[in-house]
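The following paragraphs offer a guided reading of a single protein chain. Please keep the sequence and the structure in view while reading.

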Amino acid sequence: MAPMATTASTLLKSSFAGARLPSAARSPSSVAVATPRAAGPICASISSSNSPNPPYDLTSFKFSPIKESIVAREMTRRYMTDMITYADTDVVIVGAGSAGLSCAYELSKDPSVSIAIVEQSVSPGGGAWLGGQLFSAMVVRKPAHLFLDELEVAYDEMEDYVVIKHAALFTSTVMSRLLARPNVKLFNAVAVEDLIVKQGRVGGVVTNWALVSMNHDTQSCMDPNVMEAKVVVSSCGHDGPFGATGVKRLQDIGMIQAVPGMKALDMNTAEDEIVRLTREVVPGMIVTGMEVAEIDGAPRMGPTFGAMMISGQKAAHLALKALGRPNAVDGTIQKVSPALREEFVLASKDDEVVEA
C-alpha cells in the first residue's frame, strides 16, 4: 500500500492486520453518569446524614499514606493476572461500541461464561457517546426500549420511539452494569491484529497494544500476543478506517468471498435487517451491529440505536447456543426476560453459516 500523506502521530493500524489509517477523533475519557429513576446506593451514601455536605471535612482533608511501588504492583499484578486468565476464554468480543457492549451485557448474565472485550480505543463506547451529527440525544425505536427499561435508563416516550436525553446516559449505564460483573474483562487500548484460524474455524484473536500497532513501521519487530476463544463476536462497526475490519479480514484470508458494503440509508428496513441477519458468519465467528450491514449489503440506519442493542443481544444468545448454554434463540431458556420477548421477533430468521 502506498504511504499516506499523514503524520505518524495520527496513524493507527486498524484491527485484523488492516492498513495504517488515520486515527479517529475521540471524545474525552470522562463519562456522564446515568441518573437513576430512584435514589441508588451512591445517592444514599452521600445523603445518609440528611446533609448536603460530604461525609468528610474538606477544609482539612488528608489521604492515607501509600508507597509508589505499591501502586505500580497493584496495577501490574491485576492486569497481568487478567491477561493470564483470559488467554483462553469462552468468548472474545472485538469492539466495545453499542452492539459489542449490549452483547457482552446479555452474555454475562450467564455467570459460567467468561468474556473478554477487546477495544482498540482508550475510551470504549464507539459512536454511542453521541446521537447523529454530534447531537446529544439518542433515538431508540420501539420495542427496543424494553432493553432500556431493563437497564433503568430514563427516556422521553413518544408513540413509536423513545428519546434518551444524552446518548452517554445509555453508554455509561450499560458499561457500568457490565464491567461490575466478575466474568467480564475489558481490554481497552488493545488492538486485534488478526484471527486464529484452525481447520476452517475461527478460534481466537491476535492482539497487541494499540500504541504498538500504531508503530509497527518504527521498530524492527514487535510481535503480537493471542487470546484463544471458543467463540469470537465481531462488532467492529461500519465505514471509516476501522469499519467492518472483522469481515474484511475474513475476506483477506479467503473465508468469505466479498464484503459489498452497506447500502444507502433506510431506517425502517435497516434496523430489522441488521437484527435478522446477525449470525455466525463462518464457524466460530458471529457478526453483530453495523458490521452486519457491511457484509450483507443491507441499508445503513442512521442515528437510531435500537438495532445495535438487539443485534448485540441476539449475538449473545447465538454465542450461548454455540457454547451449549441455555439461550433464547433455540428456546432452551425456560423464562425469557421481558426485555427479549418482543425484540426477538425481529431475530426470527433461521441461523445460517455462510459457506466459505
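In this predicted model, helix α10 is a suitable place to begin. Of its 17 residues, 15 are buried, so the helix is largely enclosed by the rest of the structure. Helix α10 covers residues 306-322, and its geometry can be checked: at 1.5 Å a residue it should span 24 Å, and its end C-alpha atoms are indeed 24 Å apart, so the two values agree. Just after α10, the backbone at G324 takes a positive phi of about 75°.

A second helix, α6, spans residues 210-213. A210 is found in this helix, and A210 counts as buried because its relative accessibility is 5%, where buried means under 20%. In sequence, A210 and E193 stand 17 residues apart; in space, their C-alpha atoms are separated by 9.4 Å.

Between α6 and strand β11 (225-234) runs a loop, and C221 has its place there. C221 counts as exposed because its relative accessibility is 52%, and exposed means over 50%. An unreviewed UniProt entry carries the annotation "modified residue: 2,3-didehydroalanine (Cys)", which covers C221; such annotations may be inferred rather than shown by experiment.

The cysteine C103 has a relative accessible area of 0%, and is therefore buried, whereas C221 is exposed. How many disulfides does the model contain? A disulfide is a covalent bond between the sulfur atoms of two cysteines. With a pair of cysteine sulfur atoms required to lie within 2.5 Å, the count comes to 0 disulfides.

Terms used: Residues numbered from 1 in each chain as written. Predicted model: local features only at pLDDT ≥ 70, side-chain atom pairs only at ≥ 80, totals over all residues. Heavy atoms only, no water. Helix = DSSP H or I, 4+ residues; strand = E, 2+ residues; numbered from the N terminus. Buried < 20%, exposed > 50% of the residue type's maximum accessible area, 1.4 Å probe, protein only. Expected span 1.5 Å × (residues − 1).
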